[in-house]
Amino acid sequence: MEDMAGRGPGSSGLAYMVVASQAVGLAVILVTGAWMGVYRGGLAWESSGLQFNVHPLCMIIGMVFLQGDALLVYRVFRNESKRSTKILHGLLHALALVIALVGLIAVFESHKKKNAPDMYSLHSWCGIVAFGFYLLQWLLGLVLFLCPGASFSVRSRYKPQHVFWGVFLLLLSVATALLGVLELLLFKISDTYSSLAPEGVLANMLGLLLVAFGALLAYVLTREEWRRPPLAEELALSMDFKTLTQGESPVGSH
Ligand code: HEM
């Protein structure tokens, strides 16, 4: 809280929005866990039915909550060095990708055990696009921003792309999760959904929480005044760099 409120105009509002996003994000995970635990028999890796339940939980934790939190790192840690903030951002995304991969293996393996068809639904198409581009975005970020060697001008030209696609992929993941919620409801309770079955109501609440999480994140990430201002030493360094190279303004570079 102090870190966020400490620098930049209007950053106390930022602290409240970040706290709200975390509360909603944790509620999303808890409601998904409750849905799988109470109505779908819990989690297990060996049986195909219960193995499927690992899929929603891992995808929500990885592709929604952790992906979102990785994006918030630059808004939350405003007084840390740019390098450590970048490393934390990359590590959170890596953890998100690993957990999401476990969720994908769970659904493909459970399909294989049941001899069920793969990759026919809109949810699965959006899901594979979201995961594939998320992995690509992470690899490009790693090579261009964390590995030494990428030139300053390549980094600064790629940075706006990285920022736009980062927000887009989070929103696509939220939309994919919504489609997944609907698909599971249609598979499991299509005959009682229209009479407001408790499982359907719980899943609808999960859907609303997912929408709220996406909205809070998009709001925080697109507020210009909440961007991380460069630290004094970063500014000095970038001015030195500018005078050395006479290139583009490096202020705010990734
Ligand atoms: C961003 C998060 C998610 C991604 C990227 C994702 C991705 C995928 C993919 C690629 C498949 C295809 C698997 C196959 O065809 O064998 C799939 C299947 C499925 N997913 Fe997701 N998913 C996500 C979240 C969810 C959530 C939150 C739910 C439910 C609450 C869910 C429910 C389903 C269902 C019901 C299937 C089909 C399983 C079946 O046919 O038995 N997914 N998902």
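1. Let's start with a crossing. Helix H3 passes helix H7 in a left-handed crossing. Keep in mind as you look around that this is a predicted model. H7 covers residues 198–222, and its axis comes within 10 Å of the axis of H3, the two crossing at roughly 20°. That angle is under 35 degrees, which makes H3 roughly parallel to H7.

2. Which residues do the touching between H3 and H7? On the H3 side they are Val64, Gly68, Leu71, Leu72 and Arg75, and on the H7 side they are Leu210, Phe213, Leu217, Val220 and Leu221. If you sort the residues of this contact by character, you get eight nonpolar, one polar and one charged.

3. Now step back to the whole chain. You'll find eight helices and zero strands. Read from the N terminus, the elements go α-α-α-α-α-α-α-α. The chain has 254 residues, and buried ones make up 28% of them. Here's another number to hold on to: take the contacts between residues at least 6 apart in sequence, and 74% of them join residues at least 24 apart.

4. Back to H3, this time with H2 as its partner. H2 runs over residues 11–39 and H3 over residues 48–76; their axes are 9 Å apart and the packing angle is about 170°. This is over 145 degrees, so H2 is roughly antiparallel to H3. From H2, the residues in the contact are Leu14, Val18, Gly25, Val28, Ile29, Thr32, Gly33 and Met36. They meet a set in H3 that includes Asn53, Pro56, Leu57, Ile60, Ile61 and Val64, along with Phe65, Gly68, Leu72, Arg75 and Val76. By type, the contact of H2 with H3 has 13 nonpolar residues, five polar and one charged.

5. H3 has a contact with H4 as well. Here the axes are 7 Å apart and the angle is about 165°, so H3 is roughly antiparallel to H4. H3 passes H4 in a left-handed crossing. The residues of the contact between H3 and H4 split into 20 nonpolar, 10 polar and four charged.

6. Next, the ligand. How many residues surround the ligand, and which come nearest? There are 27 around it, and the nearest are Pro56, Met59, Ser124, Gly127 and Gly180. At least two residues of this shell come from each of H3, H4 (82–114), H5 (122–146) and H6 (152–189). H6 gives the largest share, with eight residues. Sorted by character, the shell holds 17 nonpolar residues, eight polar and two charged.

7. H6 is worth a second look, starting with leucine 171, which lies in that helix. Is leucine 171 buried, exposed or partly exposed? It has 14 other C-beta atoms within 10 Å, so leucine 171 is partly exposed; being buried would take 20 or more. Setting aside residues up to four places away in sequence, leucine 171 touches Gly214 and Ala218. Leucine 171 and alanine 130 sit 41 residues apart in sequence, with 9.5 Å between their C-alpha atoms.

8. Leucine 178 is also found in H6. This leucine has 18 C-beta neighbours inside 10 Å and therefore counts as partly exposed. Leaving out neighbours within four places in sequence, leucine 178 is in contact with Gly207 and Leu210. You can also check its C-alpha atom against that of asparagine 204: the separation is 9.3 Å, for residues 26 apart along the chain.

9. Last, have a look at the loop between H4 and H5, where asparagine 115 has its place. What is unusual about phi can be put in general terms: most residues other than glycine have a negative phi. Asparagine 115 has a positive value, near 55°. Asparagine 115 has 7 other C-beta atoms within 10 Å, so this residue is exposed.

10. Methionine 119 lies in the loop between H4 and H5 too. Its phi is positive, near 55°, and it is a residue other than glycine. Is methionine 119 buried or exposed? With 10 other C-beta atoms within 10 Å, methionine 119 is exposed, because the cut-off for exposed is 12 or fewer.

Methods:
Residues numbered from 1 in each chain as written. Predicted model: local features only at pLDDT ≥ 70, side-chain atom pairs only at ≥ 80, totals over all residues. Axes fitted to C-alpha atoms, helices over the stretch in contact; angles between N-to-C directions. Helix = DSSP H or I, 4+ residues; strand = E, 2+ residues; numbered from the N terminus. Parallel < 35°, antiparallel > 145°, perpendicular 65-115°, else oblique. Contact = placed C-beta atoms within 7 Å. Nonpolar A, V, L, I, M, F, W, Y, C, P; charged D, E, K, R; others polar. Near = placed C-beta within 6 Å. Left-handed = near helix turned anticlockwise from the far one by under 90°.
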